[in-house]
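Here is a chain to read alongside its model. Keep both open as you go.

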Amino acid sequence: MKFEFVRHIALFCVLVLLQVLVLNHIHIAGVATPLLFVYFIEIFRRNYPRHGLICWGFALGLLIDTFQNTPGAAAASLTLLAFVQPELLDLFLTREQADDMSPSKANLGKLPFFYYTTLCTSLFCLLFFLLESFSFFNWLTWLERSVGSIALTELLIMAVDTLRKKKERNDG
């Protein structure tokens, strides 16, 4: 249990630094920004205590809000995602799968993992950009930013998950 906490802290720090120092400066076509930090909430194991997951989501969102100057948008979006993550994960799991299973391409399969992460990322991005703009007057811009960021984030999530599993296989 202590090792799992240390791994979460390490991944938390790496994703925050990567987002703040690199990914926040990428804006493809002026609308799409990769939001890789959402991956942190998506990969929590099945049956992780919900209050812990919500605390992780809020802390990560608050830290991201601090660096992105988006007062409360990331914190609210990640907290909501952390709240619904167990139900979203259960949509793609069978009852026979282990209770402590962590979602990945290796554990869920490529297509179910893609659908799961796309659903989570879509929920986060749609709410995040809605709260950031706080308006429906520019709904086309909101939609462009959401869809572009979802696509870019999904691409990065698939790449990072592949790299993590290869590293774990080489270490093991």
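The questions and answers below work through this predicted model.

Q: What is the mean pLDDT of the chain?
A: This is a predicted model, with a confidence value for each residue. In the chain, 95% of residues reach 70 or more. The mean pLDDT of the chain is 90.

Q: Among the elements of the chain, which has the highest mean pLDDT?
A: At the low end is helix α7, residues 139–171, with the lowest mean pLDDT, 87. At the other end, the highest mean is 96. That value belongs to α2.

Q: How many salt bridges does the count come to?
A: Side chains of opposite charge can pair when their charged atoms come close. The cut-off here is a side-chain nitrogen of Lys or Arg within 4 Å of a carboxyl oxygen of Asp or Glu. By this rule the count is four.

Q: How many residues apart in sequence are the parts tied together by R45 and E4?
A: The side chains of R45 and E4 form a salt bridge, at 2.9 Å from N to O. R45 lies in the loop between α2 (38–42) and α3 (50–68), while E4 is in helix α1 (residues 2–21), so the pair ties together parts that are distant by 41 residues in sequence.

Q: Are R45 and E4 buried or exposed?
A: The cut-off for buried is under 20% relative accessible area; exposed is over 50%. R45 falls in the first class, and so does E4. Both partners of this salt bridge are buried.

Q: Which helix holds D90, the salt-bridge partner of R46?
A: The side chains of R46 and D90 meet in a salt bridge, 3.7 Å from N to O. R46 lies in the loop between α2 and α3, and 44 residues separate the two parts in sequence. D90 lies in helix α4 (residues 73–90).

Q: Is D90 buried, partly exposed or exposed?
A: Its partner R46 has 12% relative accessibility and counts as buried. D90 has 43%. That lies between the 20% and 50% cut-offs, so D90 is partly exposed.

Q: Which helix holds R50, the salt-bridge partner of E87?
A: The side chains of E87 and R50 meet in a salt bridge of 2.5 Å, N to O. The pair links distant parts of the chain, 37 residues apart, with E87 in helix α4. R50 is in helix α3.

Q: What is the relative accessibility of R50?
A: E87 is partly exposed, with a relative accessible area of 42%. R50 also counts as partly exposed. Its relative accessibility is 28%.

Q: How many residues has the largest nonpolar core?
A: In soluble globular proteins, nonpolar side chains tend to be buried together. Here, F40, I41, L60, L78, L81 and F124 have the most contacts inside the largest core. Elements giving two or more residues to this core are α1, α2, α3, α4, α6 (110–133) and α7. The core has 41 residues.

Q: Which residues does G61 touch, not counting residues up to four places away in sequence?
A: G61 is found in helix α3. At 0% relative accessibility, G61 counts as buried. With sequence neighbours up to four places away set aside, G61 touches A74, A75 and L78.

Q: Which residues does L80 touch, not counting residues up to four places away in sequence?
A: L80 sits in helix α4. At 34% relative accessibility, L80 counts as partly exposed. With residues up to four places away left out, L80 touches L123 and L127.

Q: What accessible area do L17, L18, L21, V22, I26 and I28 have together?
A: These residues form a nonpolar patch on the surface. One of them, L17, is in helix α1. Together they have an accessible area of about 500 Å².

Q: What is the phi of N47?
A: N47 lies in the loop between α2 and α3. N47 is exposed, with a relative accessible area of 53%. Although N47 is not a glycine, its phi is positive, at about 65°.

Q: Where does A29 lie?
A: A29 is a residue other than glycine with a positive phi, near 60°. At 73% relative accessibility, A29 counts as exposed. A29 lies in the loop between α1 and α2.

Technical notes
Residues numbered from 1 in each chain as written. Predicted model: local features only at pLDDT ≥ 70, side-chain atom pairs only at ≥ 80, totals over all residues. Heavy atoms only, no water. Helix = DSSP H or I, 4+ residues; strand = E, 2+ residues; numbered from the N terminus. Buried < 20%, exposed > 50% of the residue type's maximum accessible area, 1.4 Å probe, protein only. pLDDT = per-residue confidence, 0-100. Patch = residues over 30% accessible without salt bridge, like charges linked within 9 Å, V, L, I, M, F, W, Y side chains within 5 Å. Areas by Shrake-Rupley, 256 points an atom, 1.4 Å probe, with all protein chains shown as cover. Core = buried A, V, L, I, M, F, W, Y, C linked by side-chain atoms within 4.5 Å. Contact = heavy atoms within 4.5 Å.
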